[in-house]
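User: Hi! Could you walk me through this structure by way of a few questions?

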Amino acid sequence: MTEILQQIINGIAIGGVYVLIALGLTIVFGILGIAHFAHGSVSMFGGYLTFFLVAQQGYPLILAILVALVVGMVLGVLIELLAYRPVRNANHINAFIVALGLTMMVEGINLQFFGAEQVVIPTDAGRVFSIGGVTLPELRLYVILAAAALILAMTIFVEKTKTGQAIRAVAENRDAAILMGINVQMIPLIVFAISTALGVAAGVMVGSLFAIAPGVGEGLVVKGFAVLILGGLGSIPGAVVGGIVLGVTEALAAGFISSAYKDVIAFVVMIAVLLLRPQGLMGRA
Amino acid sequence: MLEIRGLRTGYGAIEVVHGIDLDVNEGECVALIGANGAGKSSTLKTICGLLPARDGQIRFDGHDITNRKGHAIVQAGITMCPEGRQVFPGMSVMQNLRLGAYARKGADIEEMLDMFPILRERAGQAAGTLSGGEQEMLAIARALMSRPRLCIFDEPSLGLAPKIVAEVAQTIARIKAMGMTILLVEQNSLMALRLADRAYLFEAGEIVLEGTGTELQTHPEVVKAYLGH
Amino acid sequence: MKIRALLGCSAATLMLVGGAHAAEKTLTIGVADALTGGAAVYGLPQANSVEMAADEINAAGGIAVGDDTYMLDVIVYDDKANPTEATNAVRKLIDRDGVRYILGFCCSGATGAVASFIEYEDAVMLVGNAAERSITTQGISNLVRTRPPADYTGAAAGAFVAKQGHKRIAVLGALETSFYASYVEAFEEEFKKSGGEVIAHEVFASKDRDMSPQLTKIREMQPDALLVVGYVEPAAFAYRQATELGMDVPRYGFTSGSEEQFLRVASSEQMEGVWDLRPTELTLQSTTDAGLAYHANYSERFGDAPSPSSPYAYDQAWALKHAIEAAGSVEDTEAVAAALRELEVFPEAVMQYLPVEGKMFDQNGQAYTANGAFQWQEGHWVFVEELPSDQEAYSRFLSTVN
């Protein structure tokens, strides 16, 4: 029992990271119908930047994260304006190719600026909390809390603010959104700013819990898309549920079946869900 | 209030509206009738900025609004209740209504719920789960939320049961009675001509006939081609 | 004299720079190693150390062959620890750059690929940190290796851990990498001799950074101790996550990571008490004067402490110098390869080699160092004691494996 609980706790922290990645992907997909492959590499850029600011410039961690979030937002806006907007009305394959090219470009930038060595963002959260045999490391607790706070903030933003509602409206019906007086040129910029900021947050979490290195971002974006498909394309609750399901499944699979097949088992679960619910866990039929 | 001169518009290589002139005066209800594909809906979309004009001019309140961005046209005071209702299906009735007021400050939802009591009953429900008639009411209410000065209806009766069509017609009549300026495109020509002060008959992207609603209801060509008796 | 100089010039790698009496020439040697990617923690310091050794050899007067003196020039290629990249890098060195002596080789996969064809080349291959046993069991006469095979160390480690009184050990490691698996196999064999049992074989891949699921599973089995076998980075995460899961059993390992490398991942508190059971390699406590000088020179030159395994490559360069001088030729690679196998341990060697029949490399081309038990104590790897190892016996065993 302790073991199952512990594995679930292990999985939730990872799931939180998946959720943040998937949220960024899902809002972009919802609004623009783009599979934004570069998202993982952009997240890693945010993680690297945070590491650079903390380890080499001596910034306090929180300040470094804030700077990285703001830089991430600007980067997101630039990506939309310079990369995706020009192919907006072209054939879908164009956006697809842009997304792939952008991934290579961002990976190249990361390599150029931050080098090929793995980096781990230093934190001083080293305590371990233990409740009845189940342990929760301080850092993982912060990651879970921060992910929960961001998910909550995102939900409130989308459901309760005018801009958030406009984003949803554009995702559901672009023409009708124009008729509501929504500036549909602005919305993608806002969406990319938010998406990238969420990605940066995920990058910081990966960088402090684990490590950032070339290739990590691509792995993460694959997981992000798996979550999207699992939860339902374009669905925000789907990203949340899908991310946690994936994280916990991976942990349970690694713990109870075999760590060697952790990724495989996670994808088997995804396929099983799709066979039973082709629209995803939270997708509309 | 709305003046259209020499308007041409179309999709891709195909032009579907070939230079039309059209006016809507303040407080008037104007209907556009004609066969499917005659260019009525394309004209409306062009007015609202969903489709670019290729030539000609659209003026609203004396200002040129040709090819302005859709959201700017809404801010100028034109709103459209689109064909097929186009409610936001995953969002609640209340959220749909609030979005109707997106372009202005505040939102007097209570007033709208009084006018459409059925929407009060469905307030928390996702719009996609409403019946066709209820969705039409929601689309109309949502359009009115922006407090437009010109309200455009694109095929409001399309796909609805006859009983609901009558309800929709009554609703539009009520809105007209409130003094709203209306531009209406409707397949159901009889319903349109009964509601309209004036009407234009579209044929193959051109206006071939113009007159008051009563005149057109009795015009032999209209009777033969569109009123079906 | 003139004729000899002309002959020298005919070889692409040689250059005439000398004056009228003794000709000073350049001998270009190659390094193929992982400079980027996950294995760069081993490969980059090795490449650095070859360059440093070359400069030191040059400063000490170069390599004397007959009347000529050769100055070393080093070309370094990145093989990313990838077999294809390594094959390409070595082909480029031999075919395009005309290089005959190739050093480096931190990682087994890439090394195995090159070893499979080096026999047919007019070249000598000197392998460093790559620990896969099969590299020196194929009787490749133009290949030598400075690092002992993993199972040589694994057996010593098994005996050591059994001596600590543990009975139930859980293994977590890169068991899909064959030399780590062979370490564990040899460990297990020794460990069982004293009645111990390995109760879990949990696996991580070299890119894994989250070992908590495996560790949670292990924690539930309540082992007496944990053995972590794998590359530095995943191993560091395993140590860190073990403490994060509240596991307080002794942690043993086989990683050969430097203090800096571990501290990038885990805090010193999280590392406290961890054992590393590995070839003695470079440690400041157990080291010779050559080792101390190496550490100081490397740190000064590269601004970073050398990794414990990096001297395997440094020693390659010096072994090559002595072998060429003994063979009296730079062109005759067969003679140089033979001379390597006759070489005695030389004073410049940083690693503490245990000779077999008085020679640094045995008849398989394999060198042996002592194995040591190191423990992390307050931020440093401290040499605690030597592990019981018998290089002569192992060398005989190695000759029987093919």
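User: How many residues does chain B bring to its contact with chain A?
Analyst: Happy to help, and a word on conventions comes before the count. This is a predicted model, where local features need pLDDT of at least 70 and side-chain atom pairs count only at pLDDT 80 or more, while totals for chains, interfaces and linings use all residues. Residues are numbered from 1 along each chain as its sequence is written, with chains lettered from A and ligands numbered from 1 in the order in which they are written. Two residues are in contact if their C-beta atoms, placed from the backbone, lie within 7 Å; chain A gives 16 residues here, and chain B gives 22 residues.

User: Which elements of chain B give two or more residues to the side that touches chain A?
Analyst: Helices (H or I, at least four residues) and strands (E, at least two) are DSSP runs, numbered from the N terminus. On the side of chain B that touches chain A, the elements giving two or more residues are helix H2 (70-76), strand S6 (78-81) and helix H3 (93-100) of chain B.

User: What is the class make-up of the side of chain B that touches chain A?
Analyst: Ala, Val, Leu, Ile, Met, Phe, Trp, Tyr, Cys and Pro count as nonpolar, Asp, Glu, Lys and Arg as charged, and the others, Gly among them, as polar. By those classes, the side of chain B that touches chain A has eleven nonpolar, ten polar and one charged.

User: Which element of chain A gives the most to the side that touches chain C?
Analyst: That contact takes 21 residues from chain A and 25 residues from chain C. Suppliers of at least two residues on the chain A side include strand S1 (128-131) and helix H10 (236-256). The most, five residues, comes from H1(A).

User: Is Ala238(C) buried or exposed?
Analyst: Ala238(C) sits in helix H8 (residues 232-244) of chain C, and touches Leu172(C), Met211(C), Leu215(C) and Val228(C), not counting residues up to four places away in sequence. A residue is buried if 20 or more other C-beta atoms lie within 10 Å of its own, exposed if 12 or fewer, and partly exposed in between, with C-beta atoms placed from the backbone. Ala238(C) has 31 other C-beta atoms within 10 Å, so Ala238(C) is buried.

User: Why does Ile172(B) count as buried?
Analyst: Ile172(B) belongs to helix H7 (residues 162-177) of chain B. Leaving aside neighbours within four places in sequence, its contacts are Phe153(B), Pro156(B), Ile182(B) and Leu195(B). Ile172(B) counts as buried because of its C-beta neighbours inside 10 Å, which number 25.
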